[in-house]
Amino acid sequence: MRTAEQILREARTIAVVGASRDRTKTAHAVPLQIQRHGWRIVPVNPFADEIFGERVYRTLADIPFAVDLVNVFRPSADATAVVKDALAIGAPAIWLQQDIVSPEGRALAEAAGVDYVENTCIAVVRAVHALSAPRNPAADPG
């Protein structure tokens, strides 16, 4: 299994489940920071049409292209369902933000051979390791 740093270093397109339109929420500020450092953020939120200048998808299953990572901003009680949805779309890595944990989600991801991080802020990992998105514009999904 890859470390959190390796997952982020190798990711290019990140689906953010629970991305928020509310600029005062962490679920807005953190993905926006990641986007500003070059990653493509794909917001997943059933109540918005556009966030971060990107089209919003209602569910992970609605995204018509592959993502490298599913980043989760939902309560721990919802995390297992999100992990199941991420596995269903073939996501190679799942990342639950700080204070979000799911022992069942971890077990499902590990059984599927999918990289898994929980209770860790993606923005902190990005900052600690001074990461920016890998450069490969030709590989960006439509």
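This note covers the fold, the largest pocket and one buried aspartate in a predicted model.

1. **Fold content.** The protein chain holds five helices and seven strands. Their order along the sequence is α-β-α-β-β-β-β-α-β-α-β-α. The pattern opens with a helix and ends with a helix. Four strands follow one another in its middle part, after the second helix.

2. **Overall dimensions.** The radius of gyration is 14 Å, close to the 14 Å that the globule rule gives for 142 residues, so the protein chain is as compact as a globular protein of that length. The C-alpha trace spans about 35 × 30 × 30 Å along its principal axes.

3. **Burial and contacts.** Of the 142 residues in the protein chain, 49% are buried. Take the contacts with a sequence separation of 6 or more: 59% of them join residues 24 or more positions apart.

4. **Largest pocket: size and centre.** The largest pocket encloses about 340 Å³ of space. Its lining counts 19 residues, and the closest to the centre are Val17, Gly18, Val44, Pro46 and Arg74. These five are a sensible place to begin when viewing the lining of the largest pocket.

5. **Largest pocket: who lines it.** Two helices, H2 (26–36) and H3 (76–88), each supply at least two lining residues. Which element gives the largest share of the lining? That is H3, with three residues. By class, the lining has ten nonpolar, five polar and four charged residues.

6. **Aspartate 115: location.** Aspartate 115 sits in strand E7, which covers residues 115–117. Is aspartate 115 buried or exposed? Its relative accessible area is 8%, which is under the 20% cut-off, so aspartate 115 counts as buried.

7. **Aspartate 115: neighbours.** Leaving out residues up to four places away in sequence, aspartate 115 touches Met1, Arg2, Ile7, Pro92, Ala93 and Ile94. Arg2 deserves a separate look. The side chains of aspartate 115 and arginine 2 are joined by a polar contact of 2.4 Å. So which residue both touches aspartate 115 and pairs with its side chain through a polar contact? Arginine 2 does.

8. **Aspartate 115: sequence against space.** Leucine 8 is 107 residues from aspartate 115 in sequence. In space, the C-alpha to C-alpha separation of aspartate 115 and leucine 8 is 11 Å. Among the residues that aspartate 115 touches are Met1, Arg2 and Ile7.

Key: Residues numbered from 1 in each chain as written. Predicted model: local features only at pLDDT ≥ 70, side-chain atom pairs only at ≥ 80, totals over all residues. Heavy atoms only, no water. Buried < 20%, exposed > 50% of the residue type's maximum accessible area, 1.4 Å probe, protein only. Contact = heavy atoms within 4.5 Å. Polar contact = N/O pair within 3.5 Å; in protein donor to acceptor, adjacent residues only side chain to side chain. 1 Å grid on protein atoms, 1.4 Å probe; cavity = no way out; pocket = protein on both sides within 12 Å on 5 of 7 lines; lining within 4 Å. Points joined across faces, edges and corners; volume = space filled by probe spheres on them. Nonpolar A, V, L, I, M, F, W, Y, C, P; charged D, E, K, R; others polar. Rg over C-alpha atoms; globule rule 2.2 N^0.38 Å.
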